[in-house]
Amino acid sequence: MPSSQVSIPQTGDAPEAAVQVDDEERPARPLSGWVGTAVAVVAFVVALLVLWQVFRPLAQGSQFYLIIFLAGVLPLVFLSYRSGLRWLDRGDQPSFADWALAAVALVVCLYPVLPIDGGYNGFLDRQGLLDPRDVAMGAALLILVLEACRRTTGWVLPVVCLVFLGYGYYGGFLPQGWTIAHAGLDFSQIVDALYNSGSGFYGTPLDVAATYIVLFTIYGAVLDLSGAGRFFVDLSVAAFRRSRSAAGRTAVASGFLLGTVSGSGTATAVSVGAVTWPILRRAGYPPEQAGGMLAAAGVGAILSPPTLGAAAFIVAEYLEVSYLTVLGWAMIPTVLYYLGILLAVEIDARRYGVRPVEVEAASVWRLLARFGYHFSSLVAIVVLLAIGVSATRAVVYATALAFALSFLDRRGWLTPRRLFEALSAGVRGVLPVAAVCAAAGVITAVTTKTGLGSQLASLMVRGARAMSDNHTVVLALTVLFAAVALLLLGLAVPVTASFIIGWVIIGPALLALDVPAPAAAMFVFYFSVLSEVTPPTALAAVGASAITGGRTIPTMWQALKYALPAFLVPVAFVLTGPGEYLLGRGPALSVLWAAAVACLAVAGLAVATGGWVLGVGPADPVARVLAAAGGILLLYLHPVAIATGAVLLVAAVAVTLIHKRRQT
């Protein structure tokens, strides 16, 4: 679930407070008074529309629904988010300009369905032949979508959209011998593609936001208000309170469990940090190491079933597979990701001489017996998907179950007022994603109309082939180019937009080299997500450093250290045929051996980054290099590479043992 707000009461040493943070976007206004009530009411009405659409879809079709949905959420963006311009903003209340933009947004969004010139059917009939008023309304909506995107995510994505628009308009002036040249589009053609087609504002990204993502944000809000977030953190504290590395394990487990509520990397890192940082500090963790751990664990929330990040829904939609299938693909990579973090936690506990910390907490069994029902709705989603229920209905039924179970704990009762708050918060949580998805429609529309995606993919592959004729080398170079491009892209734009842009440009390059579509899509997905821990704009690390008081850049590097195996595992998806086994695609025995080898590879990489062999002692530089080489070779998943990698790991352990005996 993307960009949802998580509010977790702090326990243990932390003062009673609530931590709220939005992932990937600028903070919303804390609206109050009649304005806050009005926004909440509109958001609640949109939530009812979304729920109605699940069981009684509007007869006019999907695009009609998307028009109504955008008309409901786009005006709320201008009321809920500041412009960032001092001369326009006036504190926490919307200015006259904000109200004006909201009113114009409502009109231009609803224009296609208004009873003017034949209404909605007449508007569709004018596709390709828009009249001047249609063009004016479409141009106004384009400006408003870009402004909404700027308010929620900053300047970068709107500028990227403007570059694509410029390419669409001026591409005809490029030398026709260039690969990326095209015939050129006039302004009315661009507006038509954006405003009156299935590939623009009302394309797949917004469709996913309006049908899947918003339902999961509503579910997350209901689950959170029912007390699930508090239970998940308390359970993590209770589970590890007696072990030497209890503090670190608690932070990681809390991040994983709380991610099922938030689906937001930064929100999870901050919320877990508010509770566990006092414990980590008492255990002896330096602020930067603790912040890196929290950031890496938080980002895992976007990678972890059953509530992956927003881009996972788009993966399912683009590949025309069920969401349950995407969850299946994510299972082994999630295990590998958290295995890497847990091994790093165990290593750091020894490197930094971490002390056991006694934390007052109820027993695990008592917590499970009293509050274990909070897991029920999460299990229900998977079970319902497995028996063939659609993802939209499955999450609605799970939300209803979470609502009913809330009455088992008086503190979490979802009274009519609190249910109203949950539904409203769920819609407000999706506002930034809706703005990003609508803006992403600019990129997909221009790419579709000009064929830019296939042209850039061809350039990438030709560049790799210019360096070698060997297919394996060409694939490896293309994967390297793609990984760097995705990481750089992720530094500037949110995960959802990064995936959409990466898929339309990098996806075709991988597919052209015979990489299976699921492996290519998950590769793009993981590298889009991992930009959250990549310096210099790792948002999760920034949020975690604010909690721990550590230096921001060192915290980012520590987060990168914890997440390093996750950068290499996706490469295995696309670099070799057996890499698909890590997505659970293939015979059961093949999947099991590939997963076992990958676990061994992650262990080797943990030794290389952490500088410690568990059960032996500190690893010197030679042992770390051997472990790194062994881990990388193991991920290649071919017999010779696996055998060589295993030998190198044994050598790393042997070198560490010899070094230890010499010191003693």
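With which residue does Arg126 form a salt bridge, and how far apart are the closest N and O atoms? The partner is Asp131, and the closest N and O atoms of this pair are 3.7 Å apart. A salt bridge is taken here as a side-chain nitrogen of Lys or Arg within 4 Å of a carboxyl oxygen of Asp or Glu. The structure is a predicted model, in which local features need pLDDT of at least 70 and side-chain atom pairs count only at pLDDT 80 or more, while totals for chains, interfaces and linings use all residues. Residues are numbered from 1 along each chain as its sequence is written, and side-chain values use heavy atoms, with hydrogens and water left out.

Over the whole structure, the search finds 13 salt bridges. Solvent exposure was classed by relative accessible area (buried, under 20%; exposed, over 50%; partly exposed, in between; 1.4 Å probe, protein chains only). In the pair introduced above, Arg126 is buried at 15%, whereas Asp131 is partly exposed at 21%.

A salt bridge is also found between Glu346 and Arg249, with the closest N and O atoms 2.6 Å apart. This pair links distant parts of the chain, 97 residues apart, with Glu346 in helix α14 (residues 323-351) and Arg249 in helix α10 (residues 246-262). Helices (H or I, at least four residues) and strands (E, at least two) are DSSP runs, numbered from the N terminus. Glu346 is buried, with a relative accessible area of 13%, and Arg249 is partly exposed, with a value of 26%.

Helix α14 also carries Asp348, which forms a salt bridge with Lys561. Here the closest N and O atoms are 3.2 Å apart. Lys561 lies in helix α25 (residues 552-575), so the pair ties together parts that are 213 residues apart in sequence. Asp348 is buried at 1% relative accessible area, and Lys561 is buried at 14%. In addition, salt bridges with shared partners join Asp98, Glu147, Arg150 and Arg151 into one network.

Pockets were located on a 1 Å grid over the protein atoms alone, a pocket being an open set of points where a 1.4 Å probe fits, with protein on both sides within 12 Å along at least five of seven lines; lining residues have an atom within 4 Å of a point. The second largest pocket has a volume of about 290 Å³, where grid points are joined across faces, edges and corners and the volume is the space filled by probe spheres set on the points. Its lining comprises 16 residues, and Phe256, Pro305, Pro306, Met331 and Val382 lie nearest the centre. Helices α10, α14 and α16 (376-386) each supply at least two lining residues, and the largest share, seven residues, comes from α14. By class, the lining has 13 nonpolar, three polar and no charged residues (nonpolar: Ala, Val, Leu, Ile, Met, Phe, Trp, Tyr, Cys and Pro; charged: Asp, Glu, Lys and Arg; polar: the others, Gly among them).

On the surface, Tyr169, Tyr170, Phe173 and Phe187 make a nonpolar patch of about 490 Å². Patches consist of residues with over 30% relative accessible area and no salt bridge, with like charges joined within 9 Å and nonpolar side chains (Val, Leu, Ile, Met, Phe, Trp, Tyr) within 5 Å. Accessible areas come from the Shrake-Rupley method with a 1.4 Å probe, and for residues only the protein chains shown count as cover. Phe187 is placed in helix α7 (residues 187-195) and is partly exposed at 39%.

By contrast, Ala297 in helix α12 (residues 287-303) is buried at 1% relative accessibility. Ala297 and Val272 are separated by 25 residues in sequence and by 9.2 Å in space, C-alpha to C-alpha.
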